[in-house]
Amino acid sequence: MRDSMNSSQRNPSIVILDFGSQYSELIARRIRETEVYSIVVSYTVTAEQLSQMAPKGIILSGGPSSVYKESAPLCDPAIWDLKIPVLGVCYGMQVMVKQLGGIVEAAIGKAEYGKAPLEVDDPTALLTNVENGSTMWMSHGDSVKDLPFGFVRLAHTQNTPDAAIACHNRRFYGVQFHPEVVHSTFGMVMIRNFVHNICLCSPDWTTNTFIDEAISDVKRKVGNKRVLLALSGGVDSSTLAFLLKKAIGDQLTCMFIDQGFMRKGEPEFLMDYFHEKFHINVEYINARERFVSKLKGVCDPEIKRKIIGEEFIRVFEEESLRLGPFDYLAQGTLYPDVIESSGTNVDPQTGERIAVKIKSHHNVGGLPKDLQFKLVEPLRTLFKDEVRKVGRSLGLPEEIVCRHPFPGPGLAIRILGEVTHEKLNCLRDADFIVREEVAEAGLYHEIWQAFAVLLPVRSVGVMGDQRTYAWPIVVRCVSSEDGMTADWSRLPDSLLEKISNRIVNEVRGVNRVVLDITSKPPGTIEWE
Ligand code: XMP
């Protein structure tokens with residue numbers, strides 16, 4: 001059974017039955033936004049198990065199946081007699097209709113995917129304060145043909161007569177759209193209506209509650225055993241280090257492997273911050289020379305990534321044996337990583353997750369068989385912005401909380417072609433200027449990523465009376481929501497001028513600065 005926050009002892013206010021939707025955890029996250037505690041469980045949960053959890057409401061998630069197919073997943077029919085309010089979302093609504101005696105069929109010619117205006121027929125209960133004509137996000141190929149006995153229509157769209165339905169006296173509701181996605185403009189209003197007004201949940205679940213419960217979960221799980229954490233300096237592993245320090249103190253050892261590809265001043269900042277100021281055990285591993293020498297003569301970006309990943313594992317292995325033994329490996333896995341992750345196995349005896357792969361941030365493949373740890377992943381149900389909130393509450397500085405994303409192989413992939421110390425120094429200085437000037441202009445937080453790239457071609461320039469023959473630096477600044485798509489940032493000319501002047505004047509080996517004005521797609525954010 002999955003738990004959308006952690007395996008806390010408290011009873012959830014809302015239980016989400018997962019029918020295989022990619023949005024189940026997003027629903028849990030929206031419920032957290034209403035400050036209510038929820039958990040996600042498999043749709044196979046029994047009515048008896050649910051009664052023991054004593055939730056105030058149940059949500060049936062969407063899912064990829066068709067309820068009229070023979071093998072379609074349905075819920076325990078006894079759930080309908082628990083006298084608990086239920087909201088069915090998309091496939092979840094179709095489960096409700098089917099199990100309560102209505103009919104669902106293929107919406108031939110009437111399937112709806114994407115945005116649709118919602119025409120509200122009954123603006124009460126679930127749809128209180130939901131604006132007529134507001135956009136809802138549809139994604140369905142099946143539709144309700146006949147409502148079950150006792151149900152009424154709350155809203156329709158052009159293609160879907162029963163877009164929202166209710167059986168008011170049993171407090172059962174169904175929506176054919178996805179209120180949890182951002183495109184559904186009044187989706188949060190609906191979710192609040194259900195959670196607060198229909199289920200009468202009180203808003204008592206905050207970031208601090210999460211932290212307190214995560215700490216007691218970690219304590220319970222780890223006992224007096226030792227935990228190893230690979231600290232990268234990003235917001236996920238930094239937040240985790242703070243959380244674990246609070247939970248288990250000196251049983252935590254952080255390992256910071258300096259590959260030599262970090263940004264200017266970062267290794268020093270990290271050691272000073274974590275080790276000196278907050279007395280978190282951080283073992284600094286200087287592996288700079290090892291990594292650069294492994295990359296000698298290597299130009300292909302994929303081979304570079306592979307070499308860096310393999311070397312990381314080697315260093316990690318050697319150092320954890322030296323510093324160990326450790327029982328647990330802590331990872332700053334977030335929910336989006338969980339969706340992608342195929343790198344974990346479950347121990348058949350204990351049911352605990354075992355690491356066979358370090359988080360993709362480090363771009364590493366499998367850990368050797370004799371070096372497998374049990375996992376501690378207290379952030380695995382959270383989304384990035386929620387981790388930022390947790391980090392802030394734990395006292396992490398804005399500098400870390402709002403840090404721009406940075407690839408695991410770092411500057412090594414932002415130098416095209418062979419990586420050398422000379423190029424690394426050059427790029428580090430140029431990158432520092434880009435970020436410093438963007439911050440100085442007050443634009444750092446508006447930009448998703450601002451950085452420099454070094455191209456391994458030389459061109460002619462002139463400085464004073466001297467002819468130069470040096471590298472160009474590319475300035476890359478993009479805006480993005482999630483890194484999947486991006487647009488190039490329109491920076492003021494005066495800022496670009498300052499960046500360009502400073503780079504050519506202050507960075508040895510560079511005589512030209514160019515601006516990347518490609519969006520993603522067709523470009524990528526990084527150059528490699
Ligand atoms: P691209 O270049 O594919 O990058 O548009 C999308 C986002 O992913 C980041 N990125 C990485 N992050 N490890 C990471 O943790 C990596 O190896 C890696 N490679 C790219 C990139 O910075 C951008 O935010």
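**Exercise 1. Locate Pro325 and describe the peptide bond that leads into it.**

Solution. Pro325 lies in the loop between helix H9 (301-323) and strand E16 (328-330). The model used here is predicted. Next, look at the bond from Gly324 to Pro325: omega is near 5 degrees, and the bond is cis. As background, most peptide bonds are trans.

**Exercise 2. Describe the bond between Pro521 and Pro522, and say where Pro522 is placed.**

Solution. Step one is the omega angle, which is about 10 degrees for the bond joining Pro521 and Pro522; this bond is cis. Step two is the position: Pro522 belongs to the segment after strand E24 (510-515).

**Exercise 3. For Ala125 and His279, give the sign of phi, the location and the exposure class.**

Solution. Start with the background: most residues other than glycine have a negative phi.

- Ala125 is not a glycine, yet its phi is positive, near 45 degrees. Ala125 sits in the loop between strand E7 (119-120) and strand E8 (135-140). Its relative accessibility is 23%, so Ala125 counts as partly exposed.
- His279 is not a glycine either, and its phi is positive at about 50 degrees. The loop between H7 and strand E15 (282-286) holds His279. With a relative accessible area of 54%, His279 is exposed, because the exposed class begins over 50%.

**Exercise 4. Classify the packing of helix H1 against helix H4, then list the residues that meet.**

Solution. First, take the geometry. Helix H1 (residues 24-33) and helix H4 (residues 187-198) have axes 10 Å apart and pack at an angle of about 75 degrees. Second, apply the cut-off: angles from 65 to 115 degrees count as roughly perpendicular. H1 and H4 are therefore roughly perpendicular to each other. Third, list the contact. On the H1 side are Arg30, Ile31 and Glu33; on the H4 side they meet Met188, Ile191, Arg192 and Val195. Sorted by class, the contact of H1 with H4 has four nonpolar, three charged and no polar residues.

**Exercise 5. How many aromatic pairs does the whole structure hold, and which class fits the pair of Tyr37 and Trp205?**

Solution. A search of the whole structure finds 14 aromatic pairs. For Tyr37 and Trp205, the ring centres are 4.4 Å apart and the planes are at 20 degrees. Planes under 30 degrees apart count as stacked, so the pair of Tyr37 and Trp205 is stacked. Now place the two residues: Tyr37 is in the loop between H1 and strand E2 (38-42), and Trp205 is in the loop between H4 and helix H5 (207-222), so the pair ties together parts that are 168 residues apart in sequence. Both Tyr37 and Trp205 are buried.

**Exercise 6. Treat the pair of Phe242 and Tyr273 in the same way, and name the cluster that includes these residues.**

Solution. The centres of the rings of Phe242 and Tyr273 are 6.3 Å apart and the planes are at 15 degrees, which makes the pair stacked. Phe242 belongs to helix H6 (residues 235-248) and Tyr273 to helix H7 (residues 266-277), so this pair ties together parts that are 31 residues apart in sequence. Phe242 and Tyr273 are both buried. Finally, ring pairs link Phe242, Phe269, Tyr273, Phe274 and Phe278 into a cluster.

**Exercise 7. List the domains and give the distance between the centres of domain 1 and domain 3.**

Solution. The domain assignment gives domain 1 (12-198), domain 2 (207-401) and domain 3 (420-515). The C-alpha centres of domain 1 and domain 3 are 50 Å apart.

Note on methods
Residues are numbered from 1 along each chain as its sequence is written. This is a predicted model: local features need pLDDT of at least 70, side-chain atom pairs count only at pLDDT 80 or more; totals for chains, interfaces and linings use all residues. Side-chain values use heavy atoms; hydrogens and water are left out. Domain bounds come from an automatic or database domain assignment. Axes are lines fitted to C-alpha atoms, for helices over the stretch in contact, and angles run from 0 to 180 degrees between N-to-C directions. Helices (H or I, at least four residues) and strands (E, at least two) are DSSP runs, numbered from the N terminus. Angles under 35 degrees count as roughly parallel, over 145 as roughly antiparallel, 65 to 115 as roughly perpendicular and the rest as oblique. Contact means heavy atoms within 4.5 Å. Ala, Val, Leu, Ile, Met, Phe, Trp, Tyr, Cys and Pro count as nonpolar, Asp, Glu, Lys and Arg as charged, and the others, Gly among them, as polar. Rings of Phe, Tyr and Trp (its six-membered ring) pair if their centres lie within 6.5 Å; planes under 30 degrees apart count as stacked, over 60 as edge-to-face and the rest as tilted. Buried means under 20% relative accessible area, exposed over 50%, partly exposed in between (1.4 Å probe, protein chains only).
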